[in-house]
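Here are a few exercises to work through with the model open beside you. Try each one before you read its solution.

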Amino acid sequence: MKTVFILSALLSLAVLPACQPETPVARSGPVVSSGTAQVGGPFTLVNGAGETVTDKDFLGQPQLIYFGFTYCPDVCPMGLQQMGAATDLLGRDAEKLQTILISLDPERDTPGIMAQYVTGNGFPDNLIGLTGSVEQVDTAKAAFKVYAKKVSMGADTDDYTVDHSSLMYLMDKDGKFAAFFTKDDSPETIAKRIKPYLK
Ligand code: NI
């Protein structure tokens with residue numbers, strides 16, 4: 001239970017105010033080595049083709065999961081490029097890892113918008129974008145202990161941003177939480193930590 005507590009504390013600290021750069025607070029070092037934290041769980045979402053997918057669809061291959069939204073000005077693109085740089089270092093083995101972006105803004109991020117967004121420059125080659133109803137996204141967020149909050153930017157109800165934690169979650173081929181990475185982990189570090197899970 002201690003591990004769960006520490007991880008939860010780290011996850012809640014790794015919050016980005018309105019997607020602005022923040023000071024480093026979370027590290028992916030000793031906390032994750034036990035691998036016992038209860039992160040991850042059942043989810044049902046919608047892929048870029050508008051098809052329903054669940055966590056079960058990804059069993060059999062390790063996954064690297066990031067939560068973000070397509071309107072995010074810089075933190076999400078940077079996180080996804082960091083992910084892309086890491087998977088590039090895996091070479092051909094990168095195909096064995098499914099990279100996934102889950103939207104924190106299901107009201108604006110339609111399946112079509114997600115499908116377009118995941119092709120962004122420097123993003124992982126096999127990145128897929130998942131979105132869904134607000135309830136479906138809330139379930140996924142809760143499973144991964146993701147912090148996200150809508151923040152109004154003006155009088156218009158469509159004018160908002162999303163404060164959110166920015167972490168990459170590595171899940172093993174059985175869908176079990178293996179590690180998380182922050183923006184302070186180099187692509188080299190991330191690739192090295194992922195490699196054993198691709199065997
Ligand atoms: Ni963001």
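A charge counts as sitting over a ring if NZ of Lys or CZ of Arg is within 6 Å of the ring centre and within 35 degrees of the ring normal. Keep in mind that this is a predicted model: local features need pLDDT of at least 70 and side-chain atom pairs pLDDT 80 or more, while totals for chains, interfaces and linings use all residues. Residues are numbered from 1 along each chain as its sequence is written, and side-chain values use heavy atoms, with hydrogens and water left out.

**Exercise 1. Charge over rings**

Find which rings have Arg 108 over them.

Solution. Start at Tyr 160: the charged end of Arg 108 sits over this ring, 3.7 Å from its centre. Then look at Tyr 71, where Arg 108 lies over the face at 4.1 Å from the ring centre.

**Exercise 2. The aromatic pairs**

Work out how Phe 43 and Phe 58 pair, and then do Phe 144 and Tyr 169.

Solution. First, the rule: rings of Phe, Tyr and Trp (its six-membered ring) pair if their centres lie within 6.5 Å; planes under 30 degrees apart are stacked, over 60 edge-to-face, and the rest tilted. Searching the whole structure turns up six aromatic pairs. For Phe 43 and Phe 58, the centres are 6.4 Å apart and the planes meet at 40 degrees, so call this pair tilted. Next, place them: Phe 43 is in the loop between α2 (30-33) and β2 (44-46), and Phe 58 in the loop between β3 (52-54) and β4 (63-68), so the pair ties together parts 15 residues apart in sequence. (Helices, H or I with at least four residues, and strands, E with at least two, are DSSP runs numbered from the N terminus.)

Now the other pair: Phe 144 and Tyr 169 are edge-to-face, at 5.3 Å centre to centre with 65 degrees between the planes. Phe 144 lies in the loop between α5 and β7 and Tyr 169 in strand β9 (residues 168-171), so this pair bridges parts 25 residues apart in sequence.

Finally, check burial (buried is under 20% relative accessible area, exposed over 50%, partly exposed in between, with a 1.4 Å probe and protein chains only). Phe 43 is buried at 4%, as is Phe 58 at 6%. Phe 144 is buried at 1% and Tyr 169 at 2%. Ring pairs link these residues and Phe 67 into a cluster.

**Exercise 3. The sheet**

Trace the strand order of the five-stranded sheet and find its edges.

Solution. Two strands pair if DSSP finds at least two bridges between them. The sheet is open, with mixed pairing, and runs β6-β5-β4-β9-β10. At the edges stand β6 (128-130) and β10 (177-181), each with a single partner, so one side of each has no neighbour in the sheet. Now zoom in on β5 (residues 98-103): it pairs with β6 in the parallel sense over three bridges. Ile 102 stands opposite Leu 130 in β6.

**Exercise 4. A loop with a twist in phi**

Say what is unusual about the phi of Lys 145, and where this residue lies.

Solution. Most residues other than glycine have a negative phi. Lys 145 isn't a glycine, yet its phi is positive, about 55 degrees. It belongs to the loop between α5 and β7 and is partly exposed, with a relative accessible area of 31%. Tyr 147 is found in the loop between α5 (134-143) and β7 (148-152), and is partly exposed at 30%.
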